[in-house]
Amino acid sequence: MRRQLHLPFIVGQDEDGTWIAEAALTPDIFVSGEGDTRESSLDDLRVQIARVVADSGAPEQLVVDIDVPDN
């Protein structure tokens, strides 16, 4: 079965220039990806998330529609 996950993530560059992308799959499972560019770290994060979901299963999700004020 194919399922779409919507995960918030953060991306940053460490002191040696490597880009690191991180996401929390559950409160206990954190996943990270690395790369030479921002996009390559996100690509690696996607691969790592797929591996963790294959091992642990996909988390339950709650979808909420909210109004966000313009800044």
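Start by selecting strand S2 (residues 19-26) together with S3: seven bridges join the two, and they run antiparallel. Strands here are DSSP E runs of at least two residues, helices are H or I runs of at least four, and both are numbered from the N terminus. Two strands count as paired if DSSP finds at least two bridges between them.

A word on what you have open: this is a predicted model, where local features need pLDDT of at least 70, side-chain atom pairs count only at pLDDT 80 or more, and totals for chains, interfaces and linings use all residues. Residues are numbered from 1 along each chain as its sequence is written, and side-chain values use heavy atoms, with hydrogens and water left out.

Now colour by pLDDT, the predictor's confidence in each residue on a scale from 0 to 100. The protein chain averages 91, and 100% of its residues reach 70 or more. Among its elements, S1 has the highest mean, 97, and S2 the lowest, 94.

**The sheet**

Stay on S2 and S3 for a moment. Pick Ala24 and you'll find Phe30 of S3 opposite; pick Ala23 and the residue opposite is Val31, also in S3. The hairpin that joins S2 to S3 does so through two residues.

Next, add S1 (residues 9-13). S1 pairs with S2 over five bridges, again in the antiparallel sense. Val11 is a handy marker, standing opposite Ala21 in S2.

Zoom out and you have an open sheet of three strands in the order S1-S2-S3, with antiparallel pairing. S1 and S3 (29-35) are the edge strands, each pairing on one side only. Look along the sheet for the twist, which averages 20 degrees from one strand to the next; axes are lines fitted to C-alpha atoms (for helices, over the stretch in contact), and angles run from 0 to 180 degrees between N-to-C directions.

**The S1-S2 turn**

Which residue takes a positive phi in the hairpin of S1 and S2? Select Gly17: its phi is near 95 degrees, and the hairpin has five residues between the strands.

Asp16 also sits in the loop between S1 and S2. Show its side chain and that of Thr18, which are joined by a polar contact of 3.0 Å. (That term means a pair of N or O atoms within 3.5 Å; within protein, one must be able to donate a hydrogen and the other to accept it, and residues adjacent in sequence count only if both atoms are side-chain atoms.) Asp16 is exposed, at 59% relative accessible area. The classes are buried under 20%, exposed over 50% and partly exposed in between, using a 1.4 Å probe and protein chains only.

Step back to Gln13, whose side chain reaches the backbone oxygen of Gly17 at 3.0 Å. Gln13 is partly exposed, with a relative accessible area of 47%. Beyond its neighbours within four places in sequence, Gln13 is in contact (heavy atoms within 4.5 Å) with Thr18 and Trp19.

**The helix**

Finally, bring in H1 (residues 38-56). H1 lies across S1, S2 and S3, running at about 145 degrees to S3.

Is Ser41, in this helix, buried or exposed? Ser41 counts as buried because its relative accessibility is 0%. Expand the selection around Ser41 and, leaving out residues up to four places away in sequence, you'll see that it touches Val11, Trp19, Ile20, Ala21, Gly33, Glu34 and Gly35.
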